[in-house]
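This report describes a protein structure through its backbone geometry, its strand pairing and its pockets. The sequence and the structure are shown first.

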Amino acid sequence: MGRIFSPGKLLLTSEYFVLDGALALAIPTKPGQEFFFEEIHDRNSEIIWQAYHQEKLWLSIKINYRNWTILDTNLETPAKFVVSVLQHVQDLSNIRFHTENSYFLKTNLQFPPDFGLGSSSTLMNNLAEWAEIDPFQLNENALGGSGYDIAVAQEKSPILYQALPEKKITKVEFDPGFKNELIFIHLNQKQDSRKGIALYRSKPRNNELIHELSELTKAVFTAKNIEEFTLYMDHHEMLISSFLAIETAKEKYFPQYGGFIKSLGAWGGDFVLASKFGDYKKYFSDRNFTRIFEWRDLVL
């Protein structure tokens, strides 16, 4: 049985604005998604799909791909999504789902699905590698988005990413000397990225802010110490908060905290990045935010 792995992702800068061409800095995470595959020469044209969350079976589907009917499943809605994605794979691939062979396909998400580390993007990249197709095209056809998460999954490296005017991916080394001063805190909820994007799209395009966030990304990338990094993180939060007209994560949850708090990805859920300050573990735990990760524990 073959195996493919794609890491998860965290977007450090230019959330939302990456959609319109702002330069963004994104990093891969140690947990990601595994994809196991086996082709069976039986002339049945069936797919047995098993999706695991942290080694526990979540979704099982039996599919006839001659006519893309679901023969059996334990969860109807996600099963329909999987079928839709696999149809896009068939459309794009010259080597998968064009014979009468059957397939056993298994995924294992290594992080909780509410972490927002890229359950969909890692799946798209794994399927694309298996089917020998363009992961960006598959993602565009199936889901849409800026594609930065696909780029991280594909490169398995920190990247500087720009979606427009044309896609530009630059693999970089991002290993800040002050990384031991940084922590990630999960906000105990999954943010709906589509709702976040809809809010962003409801605002008029701001080319000046796109340029400013691109320059800020460069500054974040080259920051030499935690003091510089903190200034850039705080400024970034202020810019996004002002544009969206919503309060920052720090204002909402941690107004008395002495370090910076930076939202990652769509605001309102998933992870924030913070600098250590005082007895930070007690501070966050007292407020029921107990999923706290050191940089070295989460970043690939």
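In which loop is Lys156 found? Lys156 is found in the loop between helix 4 (148–155) and strand 7. The model examined here is a predicted one.

## Backbone features in the loops

Lys156 has a phi near 55°, a positive value in a residue other than glycine. Its relative accessible area is 36%, and Lys156 is therefore classed as partly exposed.

Ser14 also has a positive phi, of about 65°, although it is not a glycine. This serine is placed in the loop between strand 1 (2–11) and strand 2 (24–40). With a relative accessible area of 0%, Ser14 is buried. A further feature concerns Pro165: the peptide bond leading to it from Leu164 is cis, with omega near 0°. Pro165 has its place in the loop between strand 7 (159–162) and strand 8 (168–171).

## Pairing around strand 2

Strands of a sheet pair through backbone hydrogen bonds, in either the parallel or the antiparallel sense. Strand 2 is joined to strand 1 by ten bridges, and the two run antiparallel. Within this pairing, Gly2 has Phe37 of strand 2 as its bridge partner. Strand 2 also pairs with strand 6 in the antiparallel sense, over eight bridges, and here Ile40 is matched with Ser102 of strand 6. Three bridges connect strand 2 to strand 7, again in antiparallel orientation; Leu25 stands opposite Leu160 of strand 7.

Of the 17 residues of strand 2, twelve are buried, so this strand is largely enclosed by the rest of the structure.

## Pairing around strand 3

Strand 3 is mostly covered, with six of its eight residues buried. Strand 3 and strand 4 run antiparallel and are joined by eight bridges, one pair being Glu46 with Asn64 of strand 4. The hairpin formed by strand 3 and strand 4 has two residues between the strands, and in this hairpin Gln54 adopts a positive phi near 50°.

Strand 3 pairs with strand 6 in the parallel sense, over seven bridges. In this pairing, the bridge partner of Trp49 is Leu105 in strand 6.

## The four-stranded open sheet

Four strands make up an open sheet with the order 10-11-9-12 and antiparallel pairing. Strand 10 (261–263) and strand 12 (292–294) stand at the edges with a single partner strand each, so one side of each has no neighbour in the sheet. On average, and with direction ignored, neighbouring strands of this sheet are turned by 30° against each other.

Strand 9 (residues 182–186) and strand 12 run antiparallel and are connected by three bridges. Ile183 has Glu294 as its bridge partner in strand 12. Helix 7 (residues 226–244) packs on the sheet, where it touches strand 9, strand 10 and strand 11 (271–275). The direction of helix 7 makes about 50° with that of strand 10.

## The largest pocket

The largest pocket holds about 1,300 Å³ of space. Its lining comprises 48 residues, of which Ser119, Ser120, Leu143, Lys190 and Ser193 lie nearest the centre of the pocket. Among the elements that give two or more residues to this lining are strand 1, strand 3 (46–53), strand 4 (56–64) and strand 6 (102–109). Helix 1 (76–92), helix 2 (119–131), helix 4 and helix 5 (193–201) are also elements that give two or more residues.

By residue class, the lining of the largest pocket divides into 24 nonpolar, 16 polar and eight charged residues.

## The second largest pocket

The second largest pocket has a volume of about 230 Å³. Which element gives the most to the lining of the second largest pocket? Helix 3 (residues 135–142) does, with four residues. The residues of this lining include Asp134, Phe136, Gln137, Asn139 and Glu140. Gly145, Ser146, Gly147 and Ile150 also line the second largest pocket, as do Tyr161, Ala163 and Lys167.

The lining of the second largest pocket divides into four nonpolar, five polar and three charged residues.

How values were computed: Residues numbered from 1 in each chain as written. Predicted model: local features only at pLDDT ≥ 70, side-chain atom pairs only at ≥ 80, totals over all residues. Heavy atoms only, no water. Buried < 20%, exposed > 50% of the residue type's maximum accessible area, 1.4 Å probe, protein only. Pairing = 2+ DSSP bridges. Axes fitted to C-alpha atoms, helices over the stretch in contact; angles between N-to-C directions. Contact = heavy atoms within 4.5 Å. 1 Å grid on protein atoms, 1.4 Å probe; cavity = no way out; pocket = protein on both sides within 12 Å on 5 of 7 lines; lining within 4 Å. Points joined across faces, edges and corners; volume = space filled by probe spheres on them. Nonpolar A, V, L, I, M, F, W, Y, C, P; charged D, E, K, R; others polar.
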